[in-house]
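Let's walk through this structure together, moving from one group of contacts to the next. Keep the 3D view open as you read.

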Amino acid sequence: MPFFKKRKDVQHGNEGPELRKSPEAAPAAAGEDADGSPPGKPPENSPENTTANSAANPPDAPHRFAAIRRIRPGSTWGTGRVGAFGDALAGPMGSLDKGIDTAWQSLKTVGGIFRDRRRVGVRAQDQATVQWLRQLAGLLSTLGAEILRSGANTRDVETQIVDIAARYGVDARCFALPTGIFVRVEAVVGDAGSELDFAPVGTAGMQLNQVEALQNLVHRMLGEALPFDEVRKALREEQSLPRRFQPATAITGYAMLTLALGMLQHPTWNAAAGYVTAGTAVGVLQYLVRRYAPNLLTLLPVAAAIMVTVLALRFAGPILHQDPGFLYIPPLIGFLPGAALTLGAIELSTNSTLSGITRLAGALNVLLMLALGILVATDTVRPHPIGNPIPPQLGAWVGWASVLLLAVGFTLNHDAPRRSLAWLIVALLATRVVQTAGTLVGGQALGAFVAGMALVPVATWIGKRAVIPDQVIFLPAFWMVVPGAHGLSGVQQLLVAHSSAGWQTLLNVMITVGSIALGVLAGASLRRTTRLEVLPADEVGGTG
């Protein structure tokens, strides 16, 4: 809205007919006085309004500056002097008014780019039946459970399910938790009523090629109302996708992930050998348990932590000349709940309190299980002395090389889709650059914030150009930023080393998690999306 509102009749500096009426003129319409003013309102040229008469308010002066020529009754100032002063200010003030109007309109235009104002109308379903609504509710709840299993936060899942339901011409309400989702669909037209369904979220993780297939299906369903049988078939195909790589290749990828995380924390050549060995051992243990003893998956974090700690206490000192504490955490990279910590913080920030608390409680439980395994091993095995010489740490180049190892390791261990490796390297490097720059400028908290903020636009930009769902790029880059390893380090310091420094480490983790969550929310707010809305048949159309 302009700061200075112009009257229609004087918008271009010309007076309207009502200003040129003579006192003898007849009223223009019923309900007006002889001077054109509404009944009961003093005329503009009356003493009550103290406005100048037509001789003191020439037609060529803008009406908004008429107040400059107001003269008190009995004043000694001449109308010519006041009129000259007003004429001198009229030009600059008019230019200022136009400039402010232009700036305001430009600001509204720029602000509209970053606001989610685009809504597309979809015709309401006028042939919905109870059976059709029941099938749709079951289908949407199953789809929502799969999206949750892929690692999306609950708010985004609810938004997507509501939009997909709108594509079918019905209204929907959702309540999503990390462990399940409720979906109610309701017919807008007719008397079919509403139907409610629930679907639990699977416990097993999702491969990146499955994430790609699922996101492609969601994108299609947002674009058109697919037949139910086609959606069910696509979900079955996504869930049964085979792993791209053989078990040996996946284990190698896990060892590379361990090496990348370890070199980011303590980069020495001797420690690198320990990272690869321990990472390979954990990868083999994961494969054996998942293949031959899936009932023991709950105890897998404890068993892996015990095995890694025993290996470190026995061989790190005499063979690698390293402190065993450096080898406790990197091999446990597959269990670190950094993503759950940050997703929980994001959901708490978006008023999804129950979901946020659930994720944070689950992440804390995993950290305690890993710390329990480390504690059991340290109380059972006696550490061997550290040999000499102590190897020196490598240069800063190791951090950038570790990013490349991280990309390759994710591709092999998490079955990333084809053509995604190069783009994944680009995303990880970009995130690393932003995080490093932010840390140098304002410390660890600012580095985490700007890195989280850069994740969403970088993943979106790559997704559009590489025809790869942005979540495939977002998940590995997001995992690199989250401080799951530091959280486990703080718990390990408290329970194992009995050091008060663990509290400081956990506090830093909380600050970093909050910074990442706020950064991700800020980055997501810059992304303009399209929402679907069910409208009657005569109102269907896009609204901007």
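A charge is said to sit over a ring if NZ of Lys or CZ of Arg is within 6 Å of the ring centre and within 35 degrees of the ring normal. With that in mind, turn to R432: its charged end sits over the ring of W400, 5.6 Å from the ring centre. Please remember throughout that this is a predicted model.

Let's stay with aromatic rings for a while. A pair of aromatic rings is described by the distance of the centres and the angle of the planes. Searching the whole structure turns up 5 aromatic pairs. In one of them, W269 and W397 have ring centres 6.4 Å apart and planes at 45°, so this pair is tilted. Since W269 belongs to helix 7 (residues 269-292) and W397 to helix 11 (residues 397-413), the pair ties together parts that are 128 residues apart in sequence. W269 has a relative accessibility of 56% and therefore counts as exposed, the cut-off being over 50%.

Another pair, W423 with W461, is edge-to-face, with 6.1 Å from centre to centre and 70° between the planes. Here too distant parts of the chain are linked: W423 is in helix 12 (residues 421-442) and W461 is in helix 13 (residues 444-466), 38 residues apart. How exposed is W423, and what is its relative accessible area? W423 is partly exposed, at 26%. W461 also counts as partly exposed, at 42% relative accessibility. Elsewhere, ring pairs link W132, Y168 and F228 into a cluster.

W423 has brought us to helix 12, which deserves a look from end to end. What span should its 22 residues have at 1.5 Å a residue? The expected value is 32 Å, and the end C-alpha atoms of helix 12 are 31 Å apart, which agrees. Now look at how the residues of helix 12 are distributed around it. L424, A427, L428, T431, Q435 and G438 are buried. Viewed down the axis of helix 12, the buried residues fall within an arc of 100°, so they line one face of the helix. On the other side of helix 12 you will find A422, L440 and V441, which are exposed. Just after helix 12 comes G443, with a positive phi of about 95°.

Next come the charged pairs. The whole structure holds 7 salt bridges. In one of these, the side chains of E238 and R149 meet at 3.7 Å, N to O. E238 lies in helix 5 (residues 228-239) and R149 in helix 2 (residues 130-149), so their contact ties together parts that are 89 residues apart in sequence. Are these two residues buried or exposed? Both E238 and R149 are buried. Salt bridges that share partners join this pair with E146, giving one network of E146, R149 and E238.

Helix 5 takes part in another salt bridge through E230, whose partner is R220, with the closest N and O atoms 2.2 Å apart. Because R220 is in helix 4 (residues 208-223) and E230 in helix 5, this pair ties together parts that are 10 residues apart in sequence. R220 counts as partly exposed at 36% relative accessibility, and E230 is partly exposed as well, with a relative accessible area of 34%.

A further salt bridge joins E347 and R359, with 2.9 Å between the closest N and O atoms. E347 is in helix 9 (residues 338-349) and R359 is in helix 10 (residues 353-380), so to speak a link between distant parts of the chain, 12 residues apart. E347 is buried, and R359 is buried too.

Now for some strands. Strand 3 (residues 180-187) and strand 4 (residues 194-200) pair in the antiparallel sense over 7 bridges. Among the bridge partners, G180 is matched with P200 in strand 4. Strand 3 and strand 4 form a hairpin with 6 residues between them, and in the turn G190 has a positive phi of about 95°.

Our last stop is F315, which is found in helix 8 (residues 300-320). F315 is partly exposed, with a relative accessible area of 37%. F315 and G274 are 41 residues apart in sequence, while their C-alpha atoms are 8.7 Å apart in space.

Note on methods:
Residues numbered from 1 in each chain as written. Predicted model: local features only at pLDDT ≥ 70, side-chain atom pairs only at ≥ 80, totals over all residues. Heavy atoms only, no water. Phe/Tyr/Trp six-rings, centres within 6.5 Å; stacked < 30°, edge-to-face > 60°. Helix = DSSP H or I, 4+ residues; strand = E, 2+ residues; numbered from the N terminus. Buried < 20%, exposed > 50% of the residue type's maximum accessible area, 1.4 Å probe, protein only. Expected span 1.5 Å × (residues − 1). Arc of directions from axis to C-beta. Salt bridge = Lys/Arg side-chain N within 4 Å of Asp/Glu carboxyl O. Pairing = 2+ DSSP bridges.
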